[in-house]
Each structure stands twice: as C-alpha cells, then as structure tokens.
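Trainee: Could you take me closely through the enclosed cavities of this model, and in particular through what lines them?

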Amino acid sequence: MAVSFYVTTPIYYVNAAPHLGHAYTTIAADIIARHHRQRGEEVFFLTGTDEHGEPVADAAHAQGVEPQQLADRNSERFRALAPRLGASNDFFIRTTDPQHMAKVAEILTHVKDNGHVYLGTYEGWYCPKCADFKAENEVDDGARCPIHHIQLTREQEDNYFFALSSFQQALERLYEEQPEWVAPRSRYNEALSFIRSGLRDVPLTRHRLTWGVPVPWDEQHVFYVWFDALLNYVSALSYAREGEDLTGTFWPADCHLIAKDILRFHTIYWPALLLAAGLELPRRVFVHGYLLMEGEKMSKSLGNVLDPFAVIDRFGSDALRFYLMRDVSFGQDGSVSTAAFEQRYESELANEYGNLVARTVAMIGRYRGGTLSACELDTALAADFDGLPGRVCELIDRVELSLALDEIWQRVRRLNRYVEERAPWRLAKDPAAGPELDRVLATLAEGLRLISVLLHPYMPESTIKVLEVLGASEPSLAGESLRPGQIGRVGALEPLFPKGA
Ligand code: MSP
C-alpha cells in the first residue's frame, strides 16, 4: 500500500477577497503536495474557506447582505484562486457545507460527553476582527488589539467552556516527546512558553451570535468559530470523496501549514481538542512567516494588498510561485515588492533556468539533430549532482522549502558554468571532438532533466514543458525514474520566461 501524506492550509476567512498572503500558504502547501506525489505517495491536499463567526457576519451586515451571500461570493473567489496559482488541491472545504457542520456538532458533542465542557461566564477582552478572546497581557495599551489596532470592548457572556486548562500536562508532555511537532523551533518555543505560563479555559460557544454551527444541546448557542474551523481538517476527510471515508487513510494530518497569526489555535487549542475528542494528533504544524509590504503584514483589514491575480496575468503562476519561495526564506518574515520580483524574474528565471533550457535544447538540435547518443556521462559534474534528490527530499521533509530550492538552483548555475567550461560550440567545430561533444550534450540534458524534475513542485507548468521537450515527461522521483538514459528525441521550445513580459 502506498504511503499516505496529508497537507493542509488554513481555511481562509471570507470577509474579504483573497490576497497574496493567502496565495503564499496555498502555494507552499501545493509544493509539498506535489513533491510527495512525485515520491509515489498517496497525497491529500486540503484548502478551503472559514465562513462562520463575527468577522464574516459583521462584514456582511456592513455591506447590507446576508452572511451566506457574502460567504458564497468570497468563497468562490478563494476557490478560483487555487487553480490560478497552479494549486492541485484535492478538495475545497467550506465550513457552511452541511456535512462539515454535522461533523462539528458530532465531534463537539462527543467532547462534551467526555466531560470537557461546562457552562460558565466569560468576562474579558474580545476582538471581533480576530474573533479572539484576549487575556490582559495580550492587549496593547489603551485596550487595543495588537493586530488590528482597534479599541477592544469588554465582553460578558454566558458560554459553554472548553476545559483547556485540564490539558496543561498532556500538552507539556506532547511538546517534550515530540520536539518536531511545531516548527520552526522558535515557534515551538513560543507555543511551549504560552503553555507553561498556565492555560485557561476558553469559550466553546457564543451566545449572542447566530452565524455559526448550532450547538445541539442548547440551540441558543453556536460554536465558537475557531472550534468549528479547526475541525475542518478532520471533517473534510469524511465527505471529500463521494461514497468514501478517507479518515482512515489520511488522518492524522502530516503537515498543517499556517502563519504565526494563528499559532496558538493550532498548537494549543487544536491538540487539546483532539485529545478531548479521542482523536489522533497531527504530526506537524509548520509556521511560516509573514509576507510584508512596506514593513507591515499584508492583510485585508490593513488595506495594503498586492493582487496575486494581476501578477499571474502578467508573468504566470510559476514565476509567482518561484519568487515567493526564493525571495523570502520560508519560515521567516520577508518583504516582497514588484521591483524584487522583476529582478528575480529576469536574472534567475529568464537568464539562468530559461537560458539553460534554451541553449541545451538548441545545441542538441543544431549539433545532433535532436538525438542524443548513448554514452557515459561526464564525471566532472558527479560531485555536484550525486545525492541531490535525497538532499532535496530531506529538506522538504523538514518543510525547508527555500533551502531545498536553493540546493536545486545552485545546480542550475553549475550547469550554466559547465556550458561555459566545455564550450560545445568549439567542440562542434572540431571533427575529432565528436565523442566529447556527445558526452557534454548528454550530461547537460541529464542534468537539466534532473533539476527540472526537482523543480517541478515549484514550477509545475514550465518544468513539464521542459520535460516534454526532453521526451521524458514523467516528473517522478520514485523508483528508477531518475536513472539516466531515458531522454528521448529532443524537440524545440518557445522561451519559457520571455523578457519584457
Ligand atoms: N480562518 C482563519 C484560519 C482558520 S484555520 C482552521 C484565518 N483566516 S485568514 O483568512 O485570516 O488566513 C490567515 C492565514 O493566511 C495565515 O495564517 C497565513 O496562512 C495566510 N496569510 C495571510 N496573510 C499573510 C501574510 N501577509 N503573509 C503570510 N501569510 C499570510 O486566520
């Protein structure tokens, strides 16, 4: 039976349209999903939209529409974004799906039956934009939200509570026994120190809201949106494929990708909730950084948004995918800009990979009529290429997406240097150098095939074009597929990354 692999993005709020920050996580998850498919694993990649709760209800009312209408409209925009990004998600979940809502009610009733829920009164700070309750030490001076900078109100509500504090020891044990479960390490430390500072129980339901999943044992309440939302990762598996329940195959998830804004929910509430429900815990939460524009996190509420659709229209989704993984070290915050994008597009995509492809294909056509001779490869490159696929797999297993890309890119550069060193155009003029020219061209083509297979998860469209031109279109990493000698007749190709796009 094939190994299974399950990767998720957060489900995005539908109170506004998608922006580059959402695209970033979806692209990263897609790279991971495609990479694991290349390894012959059975992959499930989930994304979708988070549609209940106050931010959505408030945004809908502000626009004079019903929450469902706003949710339908914006969810569609997120659904459409995924294929535009080249994302190969296996399902798109909406928390307004009746099957999801039924599953939430079922699991949370189970949590209550297991003795982890009680009726109490909440009094404290609440940010309607975060849909989050904040402790005294989590609000800025003047009782402001540290993320949205708005003045917070004190809320008092009778709610059912989730007994989070009773999971204090279990969570400390989890962090001790599985130090890899939250990555990078700095985020693990942040979550652990939050746990060690003492967990408090949290509201599981909201009394005054109506836009949510009704609580089966008390219809005056809906579930607090975060519990509804987190459960998407489990519920989706039960209905994503008609007539099948994929839970047994894919749960627990292998990798939840998130940014640090929602760290606490995923690294504290989520494992505690799963323990309370008697479900297995995911294997890893990977927390990437923020894409910054002019130094501030892009967000709908701050209004400094760069439109991924516009970038894709002009340069294509591969260029956007590459740029985001290359310019911002995955796991850290980093600034993005049009100028940096254009610079990388030209210097790396057009002049390095694009040019390597163009000259390799052209020389095989010009000097050998598109056919490579069977010959031994040049050993000059062996030291640089041996073990490369294993190294890339190892880095992607650690979700080091930028480091893995850099490993591959060093080989793009190495191959370009190899062309300069061997100067095939000189060999072509010397009739005695025929066998040498054969070897150089085969070595180049094999190197190009290998890096194109490894680059495939990052740039699926362009690499398939390259692999097709090499007559070896399967981008597989499994079994013997990387063995040299499988290149067929080499065809012709339009420029991959035209300048002045
Ligand atoms: N609905 C919740 C998540 C529920 S998951 C069970 C939510 N939605 S959100 O629309 O605000 O999306 C937040 C996520 O979008 C971040 O965690 C991150 O994955 C992505 N990003 C949003 N803005 C981003 C940046 N500026 N930079 C990087 N990632 C960004 O929170």
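Mentor: What follows looks at the cavities and their linings, and then turns briefly to a sheet.

The model is a predicted one, and the structure holds 2 cavities of 30 Å³ or more. The largest cavity has a volume of about 50 Å³, and its lining is made up of His 52, Gly 53, Glu 54, Tyr 126, Arg 206, Leu 209, Trp 211, Gly 212, Val 222, Phe 223, Tyr 224 and Val 225. Sorted by class, these lining residues comprise 7 nonpolar, 3 polar and 2 charged ones.

The second largest cavity, with a volume of about 40 Å³, is lined by Tyr 12, Thr 26, Thr 47, Phe 78, Leu 81, Ala 82, Leu 85 and Phe 92. Helix α3, which covers residues 67-84, supplies the largest share of this lining, namely 3 residues. By class, the lining of the second largest cavity has 6 nonpolar and 2 polar residues, with no charged residues, whereas 2 charged residues belong to the lining of the largest cavity.

As for the sheet, 4 strands form an open arrangement in the order β5-β4-β6-β8, with antiparallel pairing. Strands β5 (132-134) and β8 (202-203) stand at its edges, and each has a single partner strand, so one side of each is left without a neighbour in the sheet. Strand β4, residues 117-127, is joined to β5 by 3 bridges, and the two run antiparallel; in β5, Asp 132 is the bridge partner of Cys 127.

Notes: Residues numbered from 1 in each chain as written. Predicted model: local features only at pLDDT ≥ 70, side-chain atom pairs only at ≥ 80, totals over all residues. Heavy atoms only, no water. 1 Å grid on protein atoms, 1.4 Å probe; cavity = no way out; pocket = protein on both sides within 12 Å on 5 of 7 lines; lining within 4 Å. Points joined across faces, edges and corners; volume = space filled by probe spheres on them. Nonpolar A, V, L, I, M, F, W, Y, C, P; charged D, E, K, R; others polar. Pairing = 2+ DSSP bridges.
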